[in-house]
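Biologist: I would like to learn how to read a few features of a structure, one after another. Could you take me through them with the coordinates open in front of us?

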Amino acid sequence: MIINKLLNIEMQLSQAEKVIFGNEKLVMSPEERRNIEKSHAFLKEFSRDKVIYGINTGFGPMAQYRVPEEDLKSLQYNIIRSHSTGAGEPFAPIYVKAAMLSRYMTFATGKSGVHIEVMELLVAFINHNVTPFIPQHGSVGASGDLVQLAHLALTLIGEGQVFYRGELRPTADVMRELGLKPITAHLREGLALCNGTSMMTGVGIVNLHYAKKLLEYAVVASLMVNEIVASYDDFLAPELNDLKNHNGQMRIAQWMTNLAASSHRLLKREVEMYHHHEETVFKHKVQPFYSLRCIPQILGPVLDTLDFTEKILDEEFNAVDDNPIVDIETRTVYHGGNFHGDYVSFEMDKLKIAITKLTMLMERQFNYLCHDKVNEILPPFMNLGRLGLNYGVQAMQFTATSTTAECQTLSNPMYVHSIPNNNDNQDVVSMGTNSAILAKRVIENAYQVMAIHYIGLAQAVDCLKIRDQLSETTRRYYDDIRAIVPTFVEDTPKYEEVARVIEFLMNRE
């Protein structure tokens with residue numbers, strides 16, 4: 001990242017998201033073009049009479065074998081074709097687009113020695129939303145995402161398949177249609193394209209984007225559930241939360257306080273409780289359950305984790321994750337392990353743990369609303385029909401609970417599951433892409449639970465007829481959900497409405 005800042009080519013993740021999610025066009029700067037052309041020219045001259053890994057040697061354990069001059073171009077094609085061995089479901093185009101942008105950023109520094117046509121075709125693919133078919137399984141995340149990035153490289157040489165306008169098509173056909181030409185192997189294009197952390201970083205960036213939305217939804221839902229039960233508002237007081245010293249906790253408390261400013265549902269303890277009382281048993285809960293009262297303490301660590309994950313992904317996205325590294329300033333080529341994915345792997349493990357805890361919180365809040373003997377103000381399962389005949393959201397809870405349980409199992413770490421391979425050349429690996437994929441699954445699950453919780457929140461508001469007493473923000477969310485799932489009394493299948501709420505939450509700006 002320091003190198004990239006010195007070269008003035010750093011891209012903030014917020015800018016990257018505009019390209020990935022907003023279809024903003026990627027434009028190669030004159031400085032980036034100069035970096036790439038100078039790096040390629042230097043490497044071409046420097047490598048004439050020297051032994052350099054992956055240019056005139058084999059790959060991995062095969063590096064001990066020198067490759068003759070007449071086979072050097074074939075060597076670059078061979079790594080692409082031989083490593084296109086992925087399996088399983090393909091990544092959705094949004095994740096591949098993010099990976100392509102991450103690969104672009106590595107090459108833009110001029111530390112890889114690739115030919116400019118690689119960059120030009122990457123830009124064309126990104127701007128035309130041409131996304132390579134890349135299976136999810138194949139990477140151990142240590143010599144980079146070799147298998148997944150080989151599938152990316154395969155399309156850049158005009159082979160394999162790509163998604164274009166919603167269809168999976170032969171790459172050659174799409175390139176012809178768009179007037180694009182495949183790249184040619186020059187020096188090390190095959191190795192450079194395959195050798196890096198771009199797949200796990202791309203998936204990580206998309207994961208972070210959706211995780212940040214989930215945190216916002218969790219904060220709003222947590223305020224709404226406290227409005228529904230008319231909690232005392234002192235659990236948000238800065239005089240209480242600031243004493244814990246944790247930045248995330250204080251920010252969540254302040255965030256909720258700001259959102260609650262227009263609410264007419266939260267109670268003041270000094271008004272309701274701090275005077276003489278004759279009751280021996282209080283009908284209204286003096287303190288609600290932890291899932292309602294401890295929001296800053298539970299979501300605070302989630303916020304802090306997302307902040308640190310963003311820092312690491314920003315650094316990795318702007319990093320040079322190739323090997324070997326071509327350095328014009330010192331006039332040499334360095335061999336090392338910048339392709340190793342431990343940073344991303346560790347962060348994806350932490351991210352999925354944080355989102356699982358957030359999901360557990362949402363599931364427990366939903367349970368609180370479902371359980372009439374616990375909340376003591378709502379009918380069982382927020383059932384607006386006839387008890388025994390109708391069932392409200394009873395069956396939705398099964399889905400929320402089972403999905404949360406899956407998140408808990410998926411939260412076991414990948415970071416510590418290194419398995420040596422590649423004839424023990426790769427004897428300590430990161431499993432970074434696996435970690436990112438599991439985090440992706442946890443996040444997708446979290447949206448399912450969140451959607452069900454929001455349907456339950458809206459139903460609870462209707463049970464108590466308190467829409468007009470909600471804060472401006474929670475009332476707006478209530479209206480949005482009700483536009484998708486109207487108030488229901490009779491039992492009807494809800495799976496399509498749940499799916500629409502999931503889509504709304506994931507795509508909401």
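**Reading the features in turn**

Modeller: Let us begin with a backbone detail, keeping in mind that this is a predicted model. Phe381 is found in the loop between α17 (372–375) and α18 (394–410), and its phi is near 55°, a positive value in a residue other than glycine.

Biologist: Staying with the backbone, which peptide bond is cis, and where is its proline found?

Modeller: The bond to look at runs from Asn323 to Pro324, which is cis with omega near -5°. Pro324 belongs to the loop that lies between α15 (295–317) and β6 (325–327).

Biologist: How should I read the packing of two helices, and at what angle do α19 and α20 cross?

Modeller: One takes the angle between the two axes, and a value of 65 to 115 degrees counts as roughly perpendicular. Here the axes of α19 (residues 432–464) and α20 (residues 472–484) come within 9 Å and cross at roughly 105°, and the two helices are therefore roughly perpendicular to each other.

Biologist: Which residues of α19 and α20 meet?

Modeller: From α19, the residues are Tyr454, Ile455, Ala458, Gln459, Val461 and Asp462, and they meet Tyr477, Tyr478, Ile481 and Arg482 of α20. Sorted by class, this contact has seven nonpolar, one polar and two charged residues.

Biologist: Turning to aromatic rings, how many aromatic pairs does a search of the whole structure find, and what makes the pair of Tyr210 and Tyr447 edge-to-face?

Modeller: The search finds twelve aromatic pairs. The general idea is to compare the ring planes, with those over 60 degrees apart counting as edge-to-face. For Tyr210 and Tyr447, the ring centres are 6.1 Å apart and the planes stand at 90°, so this pair is edge-to-face. The pair also links distant parts of the chain, since Tyr210 is in helix α10 (residues 198–228) and Tyr447 is in helix α19, 237 residues apart.

Biologist: How do I read enclosed space, and which residues line the largest cavity?

Modeller: A cavity is a space where the probe fits but cannot get out, whereas a pocket is open. The structure holds one cavity of 30 Å³ or more, and about 30 Å³ of space lies in the largest cavity. Its lining is made up of Gln76, Tyr77, Ile80, Ile157, Ile183, Thr184, Ala185, Glu189 and Gly190. Helices α4 (72–82) and α9 (189–194) each supply at least two of these residues, and the largest share, three residues, comes from α4. By class, the lining of this cavity has five nonpolar, three polar and one charged residues.

Biologist: And what is the volume of the largest pocket, and which residues lie nearest its centre?

Modeller: The largest pocket has a volume of about 510 Å³. Among the 29 residues that line this pocket, Gly60, Ser143, Asn422, Asn425 and Gln426 lie nearest its centre. By class, its lining has 13 nonpolar, 15 polar and one charged residues.

Methods. Residues are numbered from 1 along each chain as its sequence is written. This is a predicted model: local features need pLDDT of at least 70, side-chain atom pairs count only at pLDDT 80 or more; totals for chains, interfaces and linings use all residues. Side-chain values use heavy atoms; hydrogens and water are left out. Axes are lines fitted to C-alpha atoms, for helices over the stretch in contact, and angles run from 0 to 180 degrees between N-to-C directions. Helices (H or I, at least four residues) and strands (E, at least two) are DSSP runs, numbered from the N terminus. Angles under 35 degrees count as roughly parallel, over 145 as roughly antiparallel, 65 to 115 as roughly perpendicular and the rest as oblique. Contact means heavy atoms within 4.5 Å. Ala, Val, Leu, Ile, Met, Phe, Trp, Tyr, Cys and Pro count as nonpolar, Asp, Glu, Lys and Arg as charged, and the others, Gly among them, as polar. On a 1 Å grid over the protein atoms alone, a cavity is a set of points where a 1.4 Å probe fits but cannot get out, and a pocket is an open set with protein on both sides within 12 Å along at least five of seven lines; lining residues have an atom within 4 Å of a point. Grid points are joined across faces, edges and corners, and a volume is the space filled by probe spheres set on the points. Rings of Phe, Tyr and Trp (its six-membered ring) pair if their centres lie within 6.5 Å; planes under 30 degrees apart count as stacked, over 60 as edge-to-face and the rest as tilted.
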